[in-house]
Amino acid sequence: MSEMGVKNTNSTEFTVEEAELYDRQIRLWGLESQKRIRTSRILLCGINGLGAEISKNIILAGVKSVTFLDHKVVSEADRCSQFLAPVSALGQNRAEASLARAQALNPMVELKADKDVVSEKPDVFFTSFDVVIVIEAPRKEMIRINNACRMSGVKFFATDVWGMFGYCFADLQEHEFIEDVFKHKVISKENEKIKTELVAVPTKKTLLFPPFQDVFEFDCRKHDYIKTIKRKGYALLMFMILHQFREDHKRDPCYTKAPEDRNILLQYRDELAPGIIPDDAFIHVYAQICPAAAIVGGVVGQEVIKSVSQKEAPHHNLFFFDPERGDGYIETIGI
């Protein structure tokens, strides 16, 4: 690469090894974007299967550092999708058990394991990062962390996968980014028949994001929203129901209690959205199924990199992976 040794935004330099490793990325989104990525400090709360997928993507992209925050231990359920923790690590702390394989992905990224409970971390703890990603936390805890991040301008992501269903929420507050806008440019000479070509023009844009609390306060029973469900899908309703289960029972639906938990979920469904979500939507919401974790983790990783590089338009503001539809889609809620 011709620009080795150019300093990044924090006055550090790309080494020869970094320039070679990230050469393709620099060609894809530019040197300035890679500089921003290279100085980004990421906190990842919850190193389950989804957390493993997210960490893989952001570590390979070349961020400055990633801190794994998780007090839980590796369980049998983690074997469905948590590929960073070896089978021999059963019963060990998930953050610590995931470090070795994560570091092997990219030795240039600083990794750290923190075994504390996320709910015991004070608000000021989260302000030392550029991006905070929260998985598996209760609704109230996610809102607390999001509010702490907003006070200090830290970008916040909340994400989860239940079985084959998953989502990603982003609060980037006031986010500026560069997006290529395609325009026609006249290339013909004077007195010739007009000829044009499509060219990309880098354009600066800004988006405003609401806090996570606004999503939970959204009224899914509104007639205007109910009318859109047939076209969009009922993923937002599933999101509300699964978070309500976690809030009330201090855990997620469990495959060892599947009949009992499914009845509880159906009760929530009947209270929130009777006649809209079919019974079989709650068959595969236990543990984390590997393909769903990979899809949602890929989206979260992509959105984190877009947010710190300030390149391309971010999802605004909820992404859902809906197994009933077999695809993902965007909902803009709380705007």
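Buried means under 20% relative accessible area, exposed means over 50%, and partly exposed is in between, with a 1.4 Å probe and protein chains only. The model on screen is predicted, so local features need pLDDT of at least 70 and side-chain atom pairs count only at pLDDT 80 or more, while totals for chains, interfaces and linings use all residues. Residues are numbered from 1 along each chain as its sequence is written, and side-chain values use heavy atoms, with hydrogens and water left out.

**Stop 1: helix α4**

Select E53 in helix α4. E53 has a relative accessible area of 6%, so it is buried. Helices (H or I, at least four residues) and strands (E, at least two) are DSSP runs, numbered from the N terminus. Contact means heavy atoms within 4.5 Å. Apart from neighbours within four places in sequence, E53 is in contact with F83, A293, A294 and G297.

Now select G51, which is also a residue of α4 (residues 49–61). Is G51 buried or exposed? Its relative accessibility is 0%, so G51 counts as buried. With neighbours within four places in sequence set aside, G51 is in contact with L44, G46 and I135. Add Q82 to the selection: G51 and Q82 are 31 residues apart in sequence, and their C-alpha atoms are 8.0 Å apart in space.

**Stop 2: the sheet**

Show the strands. Two strands pair if DSSP finds at least two bridges between them. Eight strands form an open sheet with mixed pairing, in the order β3-β2-β1-β4-β5-β6-β9-β10. Its edge strands, each pairing on one side only, are β3 (110–114) and β10 (327–331).

Select residues 41–45 and 65–69: these are β1 and β2, which run parallel and are joined by five bridges. Within this pair, R41 stands opposite S65 in β2.

**Stop 3: strand β5 and its partners**

Select β5. Eight of the eight residues of β5 are buried, so the strand is largely enclosed by the rest of the structure. In a regular strand the side chains alternate between the two faces of the sheet. Which residues of β5 point one way, and which the other? K155, F157, T159 and V161 point one way, F156, A158, D160 and W162 point the other way, and all are buried.

Add β4 (residues 131–135), which pairs with β5 in the parallel sense over five bridges. V134 stands opposite A158 in β5. Together, β4, α6 and β5 make a right-handed β-α-β unit. Right-handed here means that, with the strands pointing away from the viewer, the path from the first strand over the helix to the second runs clockwise.

Then add β6, which pairs with β5 in the antiparallel sense over seven bridges. W162 stands opposite F165 in β6. The hairpin of β5 and β6 has two residues between the strands, and G163 there takes a positive phi near 65 degrees.

**Stop 4: helices α9 and α6**

Select α9 (residues 235–249), which lies across β5 (155–162), β6 (165–171), β9 (318–322) and β10, running at about 90 degrees to β6. Axes are lines fitted to C-alpha atoms, for helices over the stretch in contact, and angles run from 0 to 180 degrees between N-to-C directions.

Add α6 (residues 139–152): α6 and α9 pack at an angle of about 100 degrees, with their axes 8 Å apart. The two helices are therefore roughly perpendicular to each other, a term for angles of 65 to 115 degrees; under 35 counts as roughly parallel, over 145 as roughly antiparallel and the rest as oblique. R139, K140 and M142 in α6 meet H243, Q244, R246 and E247 in α9.

**Stop 5: three places in loops**

Most residues other than glycine have a negative phi, and most peptide bonds are trans.

Select Q173, in the loop between β6 and β7 (174–186). Q173 is not a glycine, yet has a positive phi of about 60 degrees. Its relative accessibility is 14%, so Q173 counts as buried.

Go on to A287, in the loop between α10 (258–272) and α11. Its phi is near 60 degrees, again a positive value in a residue other than glycine. A287 is partly exposed, with a relative accessible area of 23%.

Finish at H316 and N317, which are joined by a cis peptide bond with omega of about 10 degrees. N317 lies in the loop between α11 (290–309) and β9.
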